[in-house]
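Biologist: Could you take a close look at one charged pair for me, and then walk outward from there through the other side-chain contacts? Keep it casual, but give me the numbers.

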Amino acid sequence: MRLEKDQISTAQMIVLGLFTLIGDMALVYPSIMAAGAHEDAWIAGLISIPLGLATLKLMITTANIDPNKTIIELSQQILGKWVGGAVALSYLIFFLIAASTYVREIEDFMCTQVYEATPGGVIRFMAIVLLVYGLRLGLETLGRAAQIFLPFFTVFLIGLLALLIPDMRIEQIYPIMNTPFPDMLHTVFFGVFYPFGELCVFFMVYPYAKKQSNTSRDIFIALLIGGVGLNLILFLSLTVLGAYFSEHNFYAAYILAQRINIGNFLQRLEALMATTWIISTYFKTALYFYAFVLGTAQLLKLKSYRPLIFPVAFLLYGLTHLIAKDIIFYVKEVPASWVDWDFTYSIVFPLMLLIVYHIKKRI
């Protein structure tokens, strides 16, 4: 029995994919990449795009084993009740912690950059109320809302990038290819699995999208554009702020927006950057929230996932507070472990499912 009655179009799934790819990365991607490869971070970013698309290909191939089943159902079907149940539970834990982390990122960004005197609990409560409202309306409504917001998001982002071109200084990325190979490899690893690995949440959405013959091609083209957009932000950060400031400013893209000044008239546009970031992070968080409640209902054989929305919202509120002591903690401690989680859920488990499936099919 299908718990989700709504269906989204291919276009809506692609838009949600773009928001998930860019999501919180729009602000934090430059600092993450510059911390490893410094002036060569843009090279690591370019290398990561084809590798990220290869990761996406693996996930789509795994999802197409049975396009009508989520990763929770696929795991149990292929690996059996107990092993498959353990893999499914592991995915659910990741979805819950990821949703909590993204809410915490919104809270910390708003409290440190925009509403400095506002208690974090207020921002967190407002974010979770909006998430609950979106999930109560359903997946199809989220898909349509994402389509409505996409033009605003695109115009804001392109406008901000274009207005920064006069401030670019190419000499900021010199010397080129001066990063040791192990550091470059480590940065590429981050560039692949931080943005692209988090698309594993679409294992829970893919069965409810209307597929067409060119669905896979359209997904690859759209996410290629998204990957290029992320790396344009990174390149601008390096050429405008320099490698040192890109590395040591966690919200480098927001600082970039503050640098815009056209004739002492067009300036202070960082609110637009904050708006684009919050829009994309909202949809990314909503999808992870949705994946957790839907997957939990499937694992527990419930008739509907909707009764879980409010209890999980309270769980998110508490877990968001417990997930990190402060912003410094997840800037310094979380990334090293988080990229391993992304690697596990986008490469290790899908590859394991594919191998076991083909072995069982042959036998």
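Modeller: Let's start with glutamate 198, which is buried, with a relative accessible area of just 1%. Keep in mind that this is a predicted model. The partner of glutamate 198 is lysine 284, and their side chains meet in a salt bridge with an N to O distance of 2.4 Å. Lysine 284 sits in helix 12 (residues 270-299) while glutamate 198 is in the loop between helix 8 and helix 9, so the bridge ties together parts that are 86 residues apart in sequence. Lysine 284 comes out at 0% relative accessibility, so it counts as buried too, the limit being under 20%.

That bridge is one of 6 in the structure. Another joins glutamate 107 and arginine 124, at 2.9 Å from N to O. Here helix 5 supplies the glutamate and helix 6 the arginine, so the pair ties together parts that are 17 residues apart in sequence. Glutamate 107 is buried at 7% relative accessible area, and arginine 124 is buried at 7% as well.

Then there's arginine 144 with glutamate 140, where the closest N and O atoms are 2.6 Å apart. These two both lie in helix 7 (residues 139-163), 4 residues apart, or about one turn of the helix. Neither counts as buried: arginine 144 is partly exposed at 48%, and glutamate 140 is partly exposed at 25%.

Back to arginine 124, since it has a second contact to show. Its charged end sits over the ring of tyrosine 317, 4.6 Å from the ring centre. You get a similar arrangement with lysine 211, whose charged end sits over the ring of tyrosine 206, 4.4 Å from its centre.

Tyrosine 317 also leads us to the surface. Together with Val122, Phe125, Met126 and Val129, Tyr317 makes a nonpolar surface patch of about 450 Å². Helix 6 (residues 120-137) gives the largest share of that patch, 4 residues. Phenylalanine 125 is found in helix 6, and with a relative accessible area of 52% it is exposed, the cut-off being over 50%.

Now for the rings. A pair of aromatic rings is described by the distance of the centres and the angle of the planes. The structure holds 27 aromatic pairs. Take tyrosine 91 and phenylalanine 203: their ring centres are 6.3 Å apart and their planes are at 85°, so the pair is edge-to-face. Tyrosine 91 belongs to helix 5 (residues 81-114) and phenylalanine 203 to the loop between helix 8 (181-193) and helix 9 (215-240), so this contact ties together parts that are 112 residues apart in sequence. Both of these residues, tyrosine 91 and phenylalanine 203, are buried.

Tyrosine 91 pairs with tyrosine 345 as well, with centres 4.9 Å apart and planes at 55°, so that pair is tilted. Tyrosine 345 lies in helix 15 (residues 334-362) and tyrosine 91 in helix 5, so the pair ties together parts that are 254 residues apart in sequence. Tyrosine 345 is buried, just as tyrosine 91 is. These rings belong to one aromatic cluster, which takes in Tyr91, Phe94, Phe95, Tyr102, Phe203, Tyr288, Trp338, Trp341, Tyr345 and Phe349.

Definitions and conventions. Residues numbered from 1 in each chain as written. Predicted model: local features only at pLDDT ≥ 70, side-chain atom pairs only at ≥ 80, totals over all residues. Heavy atoms only, no water. Patch = residues over 30% accessible without salt bridge, like charges linked within 9 Å, V, L, I, M, F, W, Y side chains within 5 Å. Areas by Shrake-Rupley, 256 points an atom, 1.4 Å probe, with all protein chains shown as cover. Salt bridge = Lys/Arg side-chain N within 4 Å of Asp/Glu carboxyl O. Buried < 20%, exposed > 50% of the residue type's maximum accessible area, 1.4 Å probe, protein only. Phe/Tyr/Trp six-rings, centres within 6.5 Å; stacked < 30°, edge-to-face > 60°. Lys NZ or Arg CZ within 6 Å of the ring centre and 35° of its normal.
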